[in-house]
Amino acid sequence: MQTTKLNLQDKLPLTCSRSGNCCHGKRVNLNPWELNSLATEKKIAPREFRDLYCEFGGIRLKFDGKIGWDQKEACSQYIDDFGCSVHLGRPLACRLYPLGRQIQSEKVHYIYEGDEFPCLKPCPEVLDLPQLSVGEYLQGQQTEKYENAQDGYLELMQDIADVAFELLLDTGLAESGDKATLPLWREMGDDLPEVLADKIGAEWIDCLMIPEISDEDPIAFMAKHKELIFEKIQESFGGLQTHKEIHEASVLIMGVALHLARGLGANPEELAELWVDTAKSNGAQE
Ligand code: SF4
Ligand code: SF4
């Protein structure tokens with residue numbers, strides 16, 4: 001998909017007309033801290049929020065509301081004639097829209113999809129509203145905390161994937177001539193989200209998406225979440241003996257990393273390819 005790259009000074013018709021049109025027919029991914037923020041805003045437990053309003057174990061909001069703009073279903077959090085029911089806890093994707101965010105060579109770029117400003121089709125009235133610079137818009141949407149959470153979870157995703165690498169490369173599994181692990185990493189990159197969620201299983205999905213952490217600050221939340229995930233890794237994989245057990249653990253934990261990746265808006269297929277190539281360049285075979 002073609003994108004238009006923006007500078008913070010660029011002025012665009014970024015004052016929202018509040019029609020709610022873009023709360024219909026979209027895909028809104030969630031990281032675990034965002035799921036927790038939404039549940040807090042809704043005043044229910046994260047597990048309840050996840051079970052009622054999310055798909056695939058919590059990585060995406062359901063869009064199963066009333067049909068509205070363009071014959072598309074509304075977000076599960078959208079209320080007709082009112083708007084977003086979780087406005088103060090809305091996730092980064094909603095705060096940024098119509099903009100998006102890309103990270104290339106560790107630099108953040110703000111973009112919009114296509115070559116035409118995305119609000120013009122659903123809400124042409126924005127042309128009559130005041131223009132804002134990209135920087136002013138981001139400040140107004142208070143994106144900073146949400147961007148920190150997103151970046152922190154991207155790091156945690158890589159840390160989890162690194163465990164899959166260690167299990168394959170540092171335990172003698174790859175050296176034993178194993179050719180079964182990498183095809184399964186690759187296959188999981190292609191899996192539909194519901195298939196991958198099933199493969200990971202409820203226990204790991206719960207640990208990944210609804211950890212029992214009450215801290216609302218994203219940095220503290222993520223630090224505790226990382227601790228919980230690594231305690232579980234130690235408990236589950238600390239005493240592995242056979243190559244078969246290590247192979248299964250490497251596949252499972254890579255599945256967890258790829259599922260989190262999807263919730264962060266990354267492309268699991270491309271990541272799986274990249275990680276398979278990296279493992280092969282370090283001596284693993286498929
Ligand atoms: S499409 Fe743009 S102007 Fe319309 S409701 Fe969404 S953000 Fe606001
Ligand atoms: S969370 Fe709120 S802002 Fe985001 S799509 Fe749903 S209703 Fe719209």
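**Group meeting: helix packing, two ligands and a few odd spots**

Okay, let's jump straight in: helix H5 and helix H9 cross in a right-handed way. Before I go on, please keep in mind that this is a predicted model.

So where are these two helices? H5 covers residues 144-169, H9 covers residues 218-237, and their axes come within 10 Å of each other, crossing at roughly 15°. Angles under 35 degrees count as roughly parallel, so H5 is roughly parallel to H9.

Which residues meet there? On the H5 side you'll find, among them, Lys 145, Tyr 153, Leu 156, Asp 159 and Ile 160. Their partners in H9 include Pro 218, Phe 221, His 225, Ile 229 and Phe 237. By class, the H5 and H9 contact splits into 14 nonpolar, three polar and three charged residues.

Now, H9 has another neighbour to talk about, and that's H8. These two pack at an angle of about 155°, with their axes 9 Å apart. Over 145 degrees counts as roughly antiparallel, which is why H8 and H9 get that description. From H8, the residues in this contact are Glu 203, Trp 204, Cys 207 and Leu 208. They meet a set in H9 that includes His 225, Leu 228, Lys 232 and Phe 237. The tally for H8 with H9 is seven nonpolar, two polar and two charged.

Let's stay on H8 and turn to helix H10, residues 243-263. Here the angle is about 45° and the axes are 11 Å apart, so H8 and H10 are oblique to each other. Their crossing is right-handed. H8 brings Trp 204, Ile 205 and Leu 208, while H10 brings Leu 252, Ile 253, Val 256, His 259 and Leu 260. What's the mix of classes in this contact of H8 with H10? Seven nonpolar, one polar and no charged residues.

One last thing about H8: a salt bridge. The model has 16 salt bridges by count, and the one I'd like to show you joins Asp 206 and Arg 50, with 3.0 Å between the closest N and O atoms. Asp 206 sits in helix H8 (residues 202-209) and Arg 50 in helix H2 (residues 46-53), so this pair ties together parts 156 residues apart in sequence.

On to the ligands. Around ligand 1 we have Cys 16, Ser 17, Ser 19, Gly 20, Cys 22, Cys 119, Pro 122, Cys 123 and Val 126. That shell has six nonpolar, three polar and no charged residues. What surrounds ligand 2? Cys 23, Leu 61, Phe 63, Cys 75, Gln 77, Tyr 78, Cys 84 and Cys 94. By class, the ligand 2 shell comes out as seven nonpolar, one polar and no charged.

And finally, two backbone oddities. As background, most residues other than glycine have a negative phi, and most peptide bonds are trans. Asp 81 isn't a glycine, but its phi is positive, about 60°. You'll find Asp 81 in the loop between strand S5 (78-79) and strand S6 (83-84). Then look at the peptide bond from Tyr 97 to Pro 98: that bond is cis, with omega near 15°. Pro 98 is in a loop as well, between helix H3 (92-96) and strand S7 (100-104).

That's my tour, thanks!

Notes. Residues numbered from 1 in each chain as written. Chains lettered and ligands numbered in written order. Predicted model: local features only at pLDDT ≥ 70, side-chain atom pairs only at ≥ 80, totals over all residues. Heavy atoms only, no water. Near = heavy atom within 4 Å. Nonpolar A, V, L, I, M, F, W, Y, C, P; charged D, E, K, R; others polar. Axes fitted to C-alpha atoms, helices over the stretch in contact; angles between N-to-C directions. Helix = DSSP H or I, 4+ residues; strand = E, 2+ residues; numbered from the N terminus. Parallel < 35°, antiparallel > 145°, perpendicular 65-115°, else oblique. Left-handed = near helix turned anticlockwise from the far one by under 90°. Contact = heavy atoms within 4.5 Å. Salt bridge = Lys/Arg side-chain N within 4 Å of Asp/Glu carboxyl O.
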